[in-house]
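Trainee: Could you take me through the nonpolar core of this protein, slowly, and then show me what sits around it? I'd like one part explained properly rather than a quick tour.

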Amino acid sequence: MHSLESLGTRIVVLGPSNAGKSTLAVALSRKLDIAAIHLDQFQHLPNTDWKPRPEAEFARLHDDAIMGERWVMDGNYSRLMPQRLERATGAILITSSRWRRLARYIRRTTVNRAERAGHLEGAQDSIKWDMIDWILFKTQNSATKYADALRRSGLPTVECHSAKALDELYRRWDLPPVR
């Protein structure tokens with residue numbers, strides 16, 4: 001496993017929905033004292049039930065953010081991934097079972113804590129059947145797709161394919177817990 005230091009100061013965190021990307025990004029941000037950027041907050045308008053921004057506005061926010069010198073950025077958004085990977089110095093891919101991710105989605109949506117990592121400001125969350133379908137069926141092969149993109153990028157990459165592996169990453173890198 002790569003050391004945290006080997007990933008540099010512009011780290012992308014990829015993985016399927018509700019795998020824990022935002023929580024890991026916050027833990028890395030605290031450990032490294034660099035900004036955590038949650039792409040979901042750029043993609044969606046605050047004070048909504050996750051209503052998307054206009055595409056041009058989202059792309060501008062994304063492209064401005066990746067020009068920074070120090071960041072941890074979580075989120076996939078494959079259409080903007082090439083320029084993000086070009087600027088990144090390291091990557092982490094996290095995955096877990098779709099059932100675990102579904103449980104996380106239901107828990108985070110029903111509890112709806114404003115202090116949750118990656119929470120959309122003022123969001124009025126509701127459980128959406130489209131999101132359940134996304135988690136259970138439509139993104140079954142996303143981890144493979146992201147792993148392939150990271151291999152092609154040549155970035156130093158750490159992959160965690162289970163909750164146990166992610167817990168081990170937190171322990172090895174002495175990452176602070178995020179609740």
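Mentor: Sure, let's start in the middle. The largest nonpolar core has 24 residues, and Phe42, Trp71, Met73 and Leu85 are the ones with the most contacts inside it. Keep in mind that this is a predicted model. Who supplies that core? At least two residues each come from strand 1 (10–14), helix 2, helix 3, strand 3, helix 4, strand 4 (90–94) and helix 7 (142–153). Helix 3 gives the most, with five residues.

Now zoom in on Met73. Leaving out neighbours within four places in sequence, Met73 is in contact with Ile11, Val12 and Val13, with Ile37 and Leu39, with His62, Ala65 and Ile66, and with Arg84. There's also a second, separate core, this one of 23 residues, and Leu7, Leu28, Ala117 and Cys160 are among them.

Next, the rings. Searching the whole structure turns up one aromatic pair. The ring centres of Phe58 and Tyr77 are 5.0 Å apart and their planes are at 65°, so this pair counts as edge-to-face. Phe58 belongs to helix 3 (residues 55–66), while Tyr77 is in the loop between strand 3 (71–74) and helix 4 (81–87), so the pair ties together parts 19 residues apart in sequence. Both Phe58 and Tyr77 are buried.

Tyr77 leads us to Asp40, a residue of helix 2 (residues 39–43). Not counting residues up to four places away in sequence, Asp40 touches Tyr77 and Trp50. Is Asp40 buried or exposed? Neither, quite: its relative accessibility is 24%, so Asp40 counts as partly exposed; the buried class stops at under 20%. As for Trp50, its ring has company too: the charged end of Arg108 sits over that ring, 5.9 Å from the centre.

Arg108 falls inside the range of helix 5 (98–111), and that helix is what the buried residues of helix 6 pack against. Which residues are they? In helix 6 (residues 129–138), the buried ones are Ile132, Ile135 and Leu136. Looking down the axis of helix 6, you'd see these buried residues fall within an arc of 85°, so they line one face of the helix. The spacing is worth remembering: an α-helix has 3.6 residues a turn, so residues three or four places apart point the same way. Over on the other side of helix 6, Asp130 and Lys138 are exposed.

Terms used
Residues numbered from 1 in each chain as written. Predicted model: local features only at pLDDT ≥ 70, side-chain atom pairs only at ≥ 80, totals over all residues. Heavy atoms only, no water. Buried < 20%, exposed > 50% of the residue type's maximum accessible area, 1.4 Å probe, protein only. Helix = DSSP H or I, 4+ residues; strand = E, 2+ residues; numbered from the N terminus. Arc of directions from axis to C-beta. Contact = heavy atoms within 4.5 Å. Phe/Tyr/Trp six-rings, centres within 6.5 Å; stacked < 30°, edge-to-face > 60°. Lys NZ or Arg CZ within 6 Å of the ring centre and 35° of its normal. Core = buried A, V, L, I, M, F, W, Y, C linked by side-chain atoms within 4.5 Å.
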